Amino acid sequence: MSVEVAGLSRAKVEGPLKLAVPRGALFEGTLDALDVAGIDTAELRGDSRALIFEGDDITLVTMRPSDVPTYVEAGAADVGITGKDVLLEQADRVVYELLDLGFGRCRMVLAGRVGDERLGESERRLGMMRIATKYPRIAERYFERTGRQVEVIDVKGSVELAPLIGLADGIVDLVATGRTLEENDLEVREEIVVCTARFVANRVAHKLRGAEVDELTLKLKAAVTG
Amino acid sequence: MIHPIPPGTRDVLPDEMRELRRLHLALIEVFESRGYGEVATPAIEYDEVLARGDGRTADSAYRFFDERGDLLALRSDMTVPIARLAATRFASAEPPLRLCYLANAFRAVRPQRGQMREFAQAGVELIGAPAPQGTAEVVEVLEAALDAAGLDRAVIGLGDSDLYRQLLTEFGVEGDARDSILERLAMHDLVGLEAELSAVEGIDEEQCATCVALSQLRGGSEVLEQARGLGGEVVERATSRIQETFEELRARGAADRVQIDLGLLRDLGYYSGAILEVYDPALGHVLGGGGRYDSLMKRFGLDLPAAGFALYLERVHVAQMEEESRKEEGAS
């Protein structure tokens with residue numbers, strides 16, 4: 001009865017599923033979850049500088065977390081793992097968010113200098129705060145939602161520097177332990193959102209490789225809840 | 001000297017134009033051979049007329065005033081202009097009406113995303129033929145069009161656009177919560193969907209699980225049974241509608257490349273009943289879509305059921321190129 005699954009067999013998708021693996025802070029957690037899900041990550045844990053690791057059932061491709069939505073949206077990778085912070089900042093990328101993996105837990109916060117009233121002062125006397133961040137869209141949306149006007153200053157490097165030498169009144173940044181803030185004499189003023197690692201899929205892969213994507217989703221779900 | 005053009009627009013040079021023209025002719029030939037007459041409508045229309053078709057009108061991003069102060073808009077698809085044309089020019093014609101087009105439409109783009117502000121669509125509109133026969137005919141024409149384009153691996157997703165709207169009504173979800181749940185479903189943000197659903201008072205865990213599980217059901221006719229297993233009168237009605245269409249397709253020998261997909265939810269406001277999406281394994285983007293819009297014609301004063309589809313011509317061309325090089329690799 002070929003008719004039963006005709007839609008799927010028709011597509012004759014080829015080759016192993018491609019999974020985008022984020023380097024950086026989520027790397028270890030991702031490899032641990034993949035291990036429990038039965039995907040061999042030994043090669044990735046080595047010193048290899050390679051970017052692509054081919055397996056029988058799945059090909060792992062390593063990249064910056066912020067590139068994961070780009071590759072997955074275009075279908076260059078079928079599925080991927082990245083942080084919710086990345087997905088929120090690139091909210092216009094069309095990827096299917098299938099699973100909250102729970103690890104890599106961080107908070108997106110508004111922070112200012114300890115004991116410094118510049119944030120409130122600027123808002124009261126200038127009607128506007130200057131906020132430095134690597135997440136301009138998350139910051140803009142947050143202040144819009146809370147009815148405040150800000151000048152968002154997009155910086156690439158250590159954002160903690162900005163309020164210390166007077167570029168900004170405060171920062172919006174991702175905080176894991178809070179140590180970096182503490183060391184730079186900064187403190188959390190408001191929590192914007194909690195971010196964890198997410199499993200995402202390309203729209204077409206989710207349709208045409210449904211069985212493989214669903215199987216991997218279930219395995220990962222079992223791996224992070226088990 | 002370099003003279004810029006706006007982002008999201010582009011020039012077409014002879015090599016590409018030749019191939020696009022060939023594709024264009026092949027598609028129109030398929031449509032014409034099945035009795036769909038080609039029509040053209042103006043690229044600019046009265047905003048009021050387009051808004052009548054799609055109440056949200058958010059899609060027509062380009063509006064301007066003419067010399068008399070009337071508000072005009074660039075069309076964002078061809079379905080609404082053809083509904084207008086059919087109601088105006090063919091009001092007394094014997095249905096069904098079969099019309100086809102290849103035309104440019106215009107949408108707002110997000111900066112730096114390579115999205116097109118102006119893009120070509122090829123499609124058909126079948127006005128006056130109800131489900132399931134009308135839907136099945138449209139799917140057949142779509143399959144013939146994909147074959148003519150050489151996309152023999154392409155798959156058509158078949159879903160039901162009323163499923164979640166009615167399911168949420170059954171659950172008693174209204175207002176903002178309803179909108180944001182539908183948005184999560186359309187985006188397939190399952191994490192957000194679960195969070196939104198469990199935040200609504202009166203929705204229990206089982207209903208939440210049903211909604212999430214439904215959105216993941218896709219495949220052959222076995223998914224209809226799985227859907228029924230999740231229960232509920234609304235689910236039963238939607239799966240029956242899909243089944244009728246699928247069986248009609250089977251009877252016509254046209255169910256081969258159709259994948260039933262209960263997770264489909266297109267974001268255009270005028271759809272009702274069956275919805276379609278087209279995929280090719282060579283491309284990570286959707287090639288086109290369509291479905292039924294049985295209440296659209298009524299808004300233009302001609303109460304007829306209707307269905308249609310549109311393919312993004314440029315994307316079909318890209319997929320065609322990928323498939324060709326794949327076949328060459330396979331042959332060598």
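**Strands, sheets and domains in a two-chain predicted model**

In chain A, strand β1 (residues 17-22) runs parallel to strand β3 (residues 58-63), and six bridges join the two. Strands here are DSSP runs of E at least two residues long, helices are runs of H or I of at least four, and both are numbered from the N terminus; two strands count as paired if DSSP finds at least two bridges between them. The model is a predicted one, with local features needing pLDDT of at least 70 and side-chain atom pairs counted only at pLDDT 80 or more, while totals for chains, interfaces and linings use all residues. Residues are numbered from 1 along each chain as its sequence is written, and chains are lettered from A and ligands numbered from 1 in the order in which they are written.

Back to β1(A): A:V21 sits opposite A:T62 in β3(A). β1(A) also pairs with strand β4 (residues 79-83) of chain A, in the parallel sense and over two bridges, and there A:A20 has A:G80 as its bridge partner. Six of the six residues of β1(A) are buried, that is, with 20 or more other C-beta atoms (placed from the backbone) within 10 Å of their own; 12 or fewer would make a residue exposed, and anything in between partly exposed. Side chains in a regular strand alternate between the two faces of the sheet. In β1(A) both faces are covered, with A:L17, A:L19 and A:V21 buried on one side and A:K18, A:A20 and A:P22 on the other.

As for confidence, pLDDT (the predictor's confidence in each residue, from 0 to 100) averages 91 over chain A, and 94% of the residues of chain A reach 70 or more. Over residues 1-10 of chain A it is below 50, and this stretch has 25 contacts beyond near neighbours in sequence (C-beta atoms, placed from the backbone, within 7 Å).

Over in chain B, nine strands make an open, mixed sheet in the order β1-β5-β6-β12-β11-β10-β7-β9-β8. β1 (37-38) and β8 (218-219) of chain B are at the edges with a single partner strand each, so one side of each has no neighbour in the sheet. Strands β10 (residues 274-279) and β11 (residues 288-292) of chain B pair in the antiparallel sense over four bridges, with B:E277 opposite B:G289.

An automatic or database domain assignment splits chain B into domain 1 (14-161 + 218-331) and domain 2 (169-216). Their C-alpha centres lie 27 Å apart, and nine residues of domain 1 of chain B are in contact with nine of domain 2 of chain B.

Methods:
Two residues are in contact if their C-beta atoms, placed from the backbone, lie within 7 Å.
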